[in-house]
Amino acid sequence: MTNQSSSSASETGDVPERRRGKIILDAGACTSCMVCVRECPVWCIELDANKVHDPDAGPRGKSRLELTTFKIDYGLCMDCGICIDVCPTDALSWDQHTFPGQPNRAGFTPELS
Amino acid sequence: MHELDSLTVAPTDWVDIARAHKTQGFDYLDFLSVRELDSGEFTLTVHLLDPTNERRIMLEGTWATEDGAQIPSLSEVFAGARWHELEASELFGLDFVLPNGSVLTSGGNEPFIASEPALRSDYALAPRLDNEWPGTNEPGLAPDHPRRKRKRAVPGNPATWEPAHD
Ligand code: SF4
Ligand code: SF4
């Protein structure tokens with residue numbers, strides 16, 4: 001009926017193809033722009049970055065941001081997908097597999113950077 | 001599944017229109033949901049499915065609750081509406097009137113879902129007041145950089161909520 005994922009379950013075996021499991025970060029693509037952090041309705045993304053000089057950027061140098069922290073609190077995340085939709089560099093995407101259960105609260109906030 | 005049609009229903013016709021659709025084959029209540037409008041009114045949305053003919057429709061009705069208006073329950077047409085209406089009543093502080101004239105409650109002494117209308121916009125969400133918004137961070141800027149002093153409005157926190165930080 002309205003469940004579109006049921007048909008694709010058989011194609012991938014275990015999990016439906018479009019399942020919202022957990023969010024994964026391509027740290028190399030992330031520019032630390034903070035858009036996802038600011039759009040997340042439940043405030044569950046934490047990001048920090050250092051300014052570093054890029055030695056390959058010519059004599060005048062050029063700086064870029066290098067991620068030091070990127071954490072999603074999967075205990076709060078409600079799988080809305082807004083962060084993935086707003087990311088200008090497509091650094092975020094869905095993984096079909098959910099974040100595994102944890103023995104304590106802190107375990108739900110892994111470092112992704 | 002066909003395109004989604006939506007039908008605006010006058011409050012007085014709410015139950016009758018739902019019943020008419022059920023008779024026409026829309027006999028599966030998918031969900032009933034509520035939206036608070038800027039005007040202070042509440043729009044109820046009911047999504048009905050006709051599984052046999054793969055049709056669906058959205059019925060929408062709007063009520064102004066400050067006039068003491070009460071919303072007729074759809075439970076005489078769709079028994080399953082009761083659960084959604086109980087959610088709507090407790091989370092939005094709305095009154096649903098059952099066919100016998102009484103107002104829908106959880107039936108027990110305690111509310112079933114929420115003791116306060118936590119989904120109303122004037123209900124301040126404690127975690128948004130007790131915690132600092134992670135979006136205030138300005139990565140890469142020195143701690144004394146002037147841009148750090150710029151105050152960003154926290155999105156989604158109405159001005160009527162008491163600020164926890166200044
Ligand atoms: S999916 Fe939604 S709740 Fe989860 S981190 Fe992204 S924006 Fe936040
Ligand atoms: S929106 Fe994308 S690029 Fe910007 S901080 Fe988030 S993950 Fe990185």
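A residue is taken to surround a ligand if one of its heavy atoms lies within 4 Å of it. In this predicted model, 13 residues surround ligand 1 on that basis. The closest of them are Cys40(A), Cys77(A), Cys80(A), Gly81(A) and Cys83(A). By class, the shell around ligand 1 holds 11 nonpolar residues, one polar residue and one charged residue. The space that ligand 1 takes up is the second largest cavity. Two of the closest cysteines can be followed a little further. Cys40(A) has a relative accessibility of 8% and therefore counts as buried, since the cut-off is under 20%. Cys77(A), at 17%, falls under the same 20% limit, so Cys77(A) is buried as well.

Ligand 2 offers a companion picture. Here 15 residues form the surroundings, and the closest are Cys30(A), Cys33(A), Met34(A), Cys36(A) and Cys87(A). Ligand 2 sits in the largest cavity. Its shell divides into 12 nonpolar and three polar residues, with no charged residue. Readers who notice the cysteines listed around both ligands may wonder about cross-links: how many disulfides does a search of the whole structure find? The search returns zero over all chains.

The residues named as closest to the two ligands belong to chain A, and the build of that chain comes next. Chain A contains three helices and four strands. Read from the N terminus, these elements follow the order α-β-α-β-β-α-β. Of the 113 residues in chain A, buried ones make up 31%.

Two loops of chain A deserve a closer look for their backbone angles. Most residues other than glycine have a negative phi. Ser32(A), although not a glycine, has a positive phi of about 60°. Ser32(A) is placed in the loop that links strand S1 (22-25) to helix H2 (35-39) of chain A. Is Ser32(A) buried or exposed? With a relative accessibility of 4%, Ser32(A) is under the 20% cut-off and so counts as buried. Asp90(A) is another residue other than glycine with a positive phi, in this case near 55°. The loop that holds Asp90(A) runs between helix H3 (82-86) and strand S4 (92-95) of chain A. Asp90(A) has a relative accessible area of 61%, and because this is over 50%, Asp90(A) is exposed.

Attention now turns to chain B. Its domain assignment gives domain 1, covering residues 4-104, and domain 2, covering residues 124-166. Taken over C-alpha atoms, the centres of these two domains of chain B are separated by 38 Å.

Strand S4 of chain B, made up of residues 55-63, includes Arg56(B). Leu59(B) has its place in strand S4 of chain B too. How do these two residues stand in terms of accessibility? Arg56(B) counts as partly exposed because its relative accessibility of 24% lies between the 20% and 50% limits. Leu59(B) has a relative accessible area of 1%, which is under 20%, so Leu59(B) is buried. Each of these residues also has a C-alpha distance to a residue elsewhere along the chain. Arg56(B) and Asp5(B) are 51 residues apart along the chain, and their C-alpha atoms are separated by 7.1 Å. For Leu59(B) and His47(B), 12 residues apart along the chain, the separation between C-alpha atoms is 6.5 Å.

Conventions:
Residues numbered from 1 in each chain as written. Chains lettered and ligands numbered in written order. Predicted model: local features only at pLDDT ≥ 70, side-chain atom pairs only at ≥ 80, totals over all residues. Heavy atoms only, no water. Domains from an automatic or database assignment. 1 Å grid on protein atoms, 1.4 Å probe; cavity = no way out; pocket = protein on both sides within 12 Å on 5 of 7 lines; lining within 4 Å. Sits in = over half its atoms within 2 Å of the grid points. Nonpolar A, V, L, I, M, F, W, Y, C, P; charged D, E, K, R; others polar. Disulfide = S-S within 2.5 Å. Buried < 20%, exposed > 50% of the residue type's maximum accessible area, 1.4 Å probe, protein only.
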